[in-house]
Amino acid sequence: MPQIPEKIHELTVGQVSARSGAAVSALHFYESKGLIVSRRTSGNQRRYGRDTLRRVAFIRAAQRVGIPLATIRDALAELPEERTPNRDDWARLSEVWRSELDERIKQLGRLRDHLTDCIGCGCLSLETCVLSNPDDVFGERLTGSRLMGERRERPAS
(Lines give C-alpha, C1' and ligand atoms only; values in the text may rest on other atoms or scores of the structure.)
Protein backbone atom coordinates (compact mmCIF):
# COMPACT_ATOMS: atom_id res chain seq x y z
CA MET A 1 0.00 0.00 0.00
CA PRO A 2 1.57 3.31 -1.02
CA GLN A 3 2.32 5.68 1.83
CA ILE A 4 1.23 9.28 1.51
CA PRO A 5 3.28 11.87 3.39
CA GLU A 6 1.47 13.47 6.34
CA LYS A 7 2.03 16.95 4.89
CA ILE A 8 -0.26 16.11 1.95
CA HIS A 9 -3.79 16.91 3.06
CA GLU A 10 -5.60 16.27 -0.20
CA LEU A 11 -5.51 13.10 -2.23
CA THR A 12 -6.13 12.36 -5.87
CA VAL A 13 -8.77 9.82 -6.79
CA GLY A 14 -5.95 7.41 -7.70
CA GLN A 15 -4.36 7.79 -4.28
CA VAL A 16 -7.67 7.21 -2.51
CA SER A 17 -8.25 4.17 -4.70
CA ALA A 18 -4.79 2.74 -4.00
CA ARG A 19 -5.03 3.29 -0.25
CA SER A 20 -8.66 2.19 0.19
CA GLY A 21 -8.78 -0.69 -2.27
CA ALA A 22 -11.90 0.78 -3.86
CA ALA A 23 -11.94 1.12 -7.64
CA VAL A 24 -11.86 4.64 -9.05
CA SER A 25 -15.30 3.99 -10.56
CA ALA A 26 -16.61 3.03 -7.10
CA LEU A 27 -15.27 6.28 -5.65
CA HIS A 28 -16.99 8.25 -8.39
CA PHE A 29 -20.18 6.31 -7.68
CA TYR A 30 -19.93 6.97 -3.93
CA GLU A 31 -19.49 10.64 -4.69
CA SER A 32 -22.48 10.70 -7.04
CA LYS A 33 -24.57 9.17 -4.22
CA GLY A 34 -23.41 11.75 -1.67
CA LEU A 35 -21.37 9.32 0.42
CA ILE A 36 -18.07 11.14 -0.06
CA VAL A 37 -17.17 14.62 -1.32
CA SER A 38 -14.34 16.13 -3.26
CA ARG A 39 -13.36 19.55 -4.42
CA ARG A 40 -12.27 20.38 -7.94
CA THR A 41 -8.95 21.96 -8.80
CA SER A 42 -8.64 24.73 -11.38
CA GLY A 43 -7.87 21.91 -13.84
CA ASN A 44 -11.17 20.19 -12.85
CA GLN A 45 -9.41 17.30 -11.07
CA ARG A 46 -10.95 15.76 -7.97
CA ARG A 47 -9.20 16.21 -4.63
CA TYR A 48 -10.31 14.37 -1.51
CA GLY A 49 -9.51 15.17 2.11
CA ARG A 50 -7.52 12.51 3.97
CA ASP A 51 -10.61 11.74 6.04
CA THR A 52 -12.17 10.29 2.89
CA LEU A 53 -10.08 7.16 3.47
CA ARG A 54 -11.90 6.51 6.74
CA ARG A 55 -15.29 7.22 5.16
CA VAL A 56 -14.55 4.79 2.33
CA ALA A 57 -13.41 2.15 4.83
CA PHE A 58 -16.67 2.68 6.76
CA ILE A 59 -18.76 2.41 3.57
CA ARG A 60 -17.00 -0.74 2.40
CA ALA A 61 -17.24 -2.43 5.80
CA ALA A 62 -20.97 -1.70 5.96
CA GLN A 63 -21.45 -2.97 2.42
CA ARG A 64 -19.59 -6.20 3.22
CA VAL A 65 -22.11 -7.02 5.92
CA GLY A 66 -25.01 -6.31 3.56
CA ILE A 67 -26.06 -2.78 4.47
CA PRO A 68 -27.62 -1.00 1.47
CA LEU A 69 -25.90 2.18 0.27
CA ALA A 70 -29.03 4.25 0.95
CA THR A 71 -28.92 3.18 4.61
CA ILE A 72 -25.20 3.96 4.77
CA ARG A 73 -25.80 7.40 3.26
CA ASP A 74 -28.54 8.12 5.80
CA ALA A 75 -26.24 7.06 8.65
CA LEU A 76 -23.42 9.29 7.41
CA ALA A 77 -25.83 12.21 6.98
CA GLU A 78 -26.78 11.96 10.68
CA LEU A 79 -23.23 12.62 11.80
CA PRO A 80 -22.64 16.17 13.06
CA GLU A 81 -21.11 18.49 10.47
CA GLU A 82 -20.64 15.56 8.08
CA ARG A 83 -17.66 14.34 10.10
CA THR A 84 -15.92 11.06 9.53
CA PRO A 85 -17.43 8.15 11.47
CA ASN A 86 -15.45 6.86 14.43
CA ARG A 87 -15.49 3.67 16.53
CA ASP A 88 -18.42 4.88 18.67
CA ASP A 89 -20.46 5.68 15.55
CA TRP A 90 -19.79 2.20 14.19
CA ALA A 91 -20.83 0.60 17.48
CA ARG A 92 -24.07 2.61 17.61
CA LEU A 93 -24.97 1.99 13.98
CA SER A 94 -24.07 -1.68 14.05
CA GLU A 95 -26.56 -2.21 16.89
CA VAL A 96 -29.32 -0.76 14.71
CA TRP A 97 -28.17 -2.69 11.65
CA ARG A 98 -27.90 -5.96 13.57
CA SER A 99 -31.69 -6.32 13.83
CA GLU A 100 -32.08 -5.56 10.12
CA LEU A 101 -29.46 -8.18 9.28
CA ASP A 102 -31.10 -10.73 11.59
CA GLU A 103 -34.41 -10.22 9.79
CA ARG A 104 -32.74 -10.58 6.40
CA ILE A 105 -31.04 -13.78 7.57
CA LYS A 106 -34.44 -15.17 8.62
CA GLN A 107 -35.90 -14.27 5.22
CA LEU A 108 -33.00 -15.96 3.42
CA GLY A 109 -33.46 -19.05 5.58
CA ARG A 110 -37.15 -19.22 4.62
CA LEU A 111 -36.23 -18.74 0.96
CA ARG A 112 -33.65 -21.55 1.18
CA ASP A 113 -36.15 -23.85 2.88
CA HIS A 114 -38.77 -23.28 0.16
CA LEU A 115 -36.41 -23.30 -2.79
CA THR A 116 -36.84 -27.04 -3.39
CA ASP A 117 -40.63 -26.61 -3.51
CA CYS A 118 -40.18 -23.84 -6.05
CA ILE A 119 -37.96 -25.94 -8.29
CA GLY A 120 -40.47 -28.77 -8.00
CA CYS A 121 -43.37 -26.66 -9.22
CA GLY A 122 -41.40 -25.14 -12.08
CA CYS A 123 -43.49 -22.01 -11.69
CA LEU A 124 -46.11 -23.43 -14.01
CA SER A 125 -48.75 -22.34 -11.54
CA LEU A 126 -48.33 -19.42 -9.19
CA GLU A 127 -51.46 -20.36 -7.25
CA THR A 128 -49.59 -21.93 -4.37
CA CYS A 129 -46.03 -20.73 -4.97
CA VAL A 130 -44.42 -19.93 -1.62
CA LEU A 131 -42.06 -17.45 -3.27
CA SER A 132 -44.40 -15.53 -5.59
CA ASN A 133 -47.50 -15.92 -3.45
CA PRO A 134 -46.44 -16.45 0.19
CA ASP A 135 -49.22 -17.74 2.44
CA ASP A 136 -51.48 -17.73 -0.65
CA VAL A 137 -52.38 -14.06 -0.08
CA PHE A 138 -53.59 -13.71 -3.67
CA GLY A 139 -55.50 -16.99 -3.72
CA GLU A 140 -58.85 -15.38 -2.92
CA ARG A 141 -58.60 -12.91 -5.80
CA LEU A 142 -56.94 -14.74 -8.69
CA THR A 143 -54.55 -17.53 -9.57
CA GLY A 144 -52.00 -18.59 -12.13
CA SER A 145 -50.26 -16.40 -14.65
CA ARG A 146 -52.83 -13.62 -14.30
CA LEU A 147 -50.99 -12.63 -11.15
CA MET A 148 -47.84 -11.92 -13.16
CA GLY A 149 -49.84 -9.93 -15.70
CA GLU A 150 -51.37 -7.85 -12.93
CA ARG A 151 -47.91 -6.99 -11.61
CA ARG A 152 -46.76 -5.82 -15.05
CA GLU A 153 -49.77 -3.57 -15.51
CA ARG A 154 -49.06 -1.44 -12.44
CA PRO A 155 -47.85 2.03 -13.36
CA ALA A 156 -44.20 2.78 -12.71
CA SER A 157 -43.62 5.07 -9.75
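Which residues does L27 touch, not counting residues up to four places away in sequence? In this predicted model, L27 is in contact with V13, V16, S17, S20, A22, I36, Y48 and V56, once residues up to four places away in sequence are set aside. The report begins with the overall layout and then returns to L27 and its surroundings.

## Overall layout

The protein contains six helices and three strands. Read from the N terminus, the order of the elements is β-α-α-β-β-α-α-α-α. Of the 157 residues in the protein, 26% are buried. Among contacts with a separation of 6 or more, 47% join residues that lie 24 or more positions apart.

## The largest nonpolar core

The largest nonpolar core has 21 residues, and L27 and I72 are the members that touch the most other members. Two or more residues of this core come from each of α1 (13-20), α2 (24-32), α3 (52-64), α4 (69-77) and α5 (87-121). The element that gives the most is α3, with five residues.

## How the helices pack

Three helix pairs are described here, and the table lists their geometry.

| Helix pair | Angle between axes | Distance between axes |
|---|---|---|
| α1 and α2 | about 110 degrees | 9 Å |
| α1 and α3 | about 50 degrees | 10 Å |
| α3 and α4 | roughly 140 degrees | within 10 Å |

The first pair is α1 and α2, with an angle of about 110 degrees between them. Angles from 65 to 115 degrees count as roughly perpendicular, and α1 and α2 are therefore roughly perpendicular to each other. On the α1 side the contact involves V13, V16, S17 and S20, and on the α2 side V24, L27 and H28. By type, the residues of this contact are four nonpolar, three polar and no charged. L27 of α2 is also one of the two residues with the most partners in the largest nonpolar core.

The second pair is α1 and α3, which pack at an angle of about 50 degrees. That angle makes α1 oblique to α3. The crossing of these two helices is right-handed. From α1 the contact draws on V16, R19 and S20, while α3 supplies T52, L53, V56 and R60. These residues divide into three nonpolar, two polar and two charged. Two residues of α1, V16 and S20, appear in the contact with α3 and also in the contact with α2.

The third pair is α3 and α4, whose axes come within 10 Å and cross at roughly 140 degrees. This arrangement makes α3 oblique to α4. The crossing of α3 and α4 is right-handed. Here R55, F58, I59, A62 and Q63 of α3 meet L69, I72 and L76 of α4. The contact consists of six nonpolar residues, one polar residue and one charged residue. I72 of α4 is named together with L27 as touching the most other members of the core.

## V24 at the meeting of α1 and α2

Is V24 buried or exposed, or does it fall in between? V24 belongs to helix α2. Its relative accessible area is 32%, so V24 is partly exposed. Buried residues have under 20% and exposed residues over 50%. Apart from neighbours within four places in sequence, V24 is in contact with V13 and S17. V24 and V13 are separated by 11 residues in sequence, and their C-alpha atoms are 6.4 Å apart in space.

## Strand β2 and the loop that follows

R40 is part of strand β2. With a relative accessible area of 40%, R40 is partly exposed. Its contacts, not counting residues up to four places away in sequence, are with Q45 and R46.

Where does N44 lie? N44 is found in the loop between β2 (39-40) and β3 (46-49). Its phi angle is near 65 degrees, which is a positive value in a residue other than glycine.

## Summary

L27 takes part in the contact of α1 with α2, and L27 also touches V56, a residue of α3 that meets α1. The helix α3 contributes five residues to the largest nonpolar core, and α3 makes right-handed crossings with α1 and with α4.

Conventions: Residues numbered from 1 in each chain as written. Predicted model: local features only at pLDDT ≥ 70, side-chain atom pairs only at ≥ 80, totals over all residues. Heavy atoms only, no water. Core = buried A, V, L, I, M, F, W, Y, C linked by side-chain atoms within 4.5 Å. Buried < 20%, exposed > 50% of the residue type's maximum accessible area, 1.4 Å probe, protein only. Helix = DSSP H or I, 4+ residues; strand = E, 2+ residues; numbered from the N terminus. Contact = heavy atoms within 4.5 Å. Axes fitted to C-alpha atoms, helices over the stretch in contact; angles between N-to-C directions. Parallel < 35°, antiparallel > 145°, perpendicular 65-115°, else oblique. Left-handed = near helix turned anticlockwise from the far one by under 90°. Nonpolar A, V, L, I, M, F, W, Y, C, P; charged D, E, K, R; others polar.
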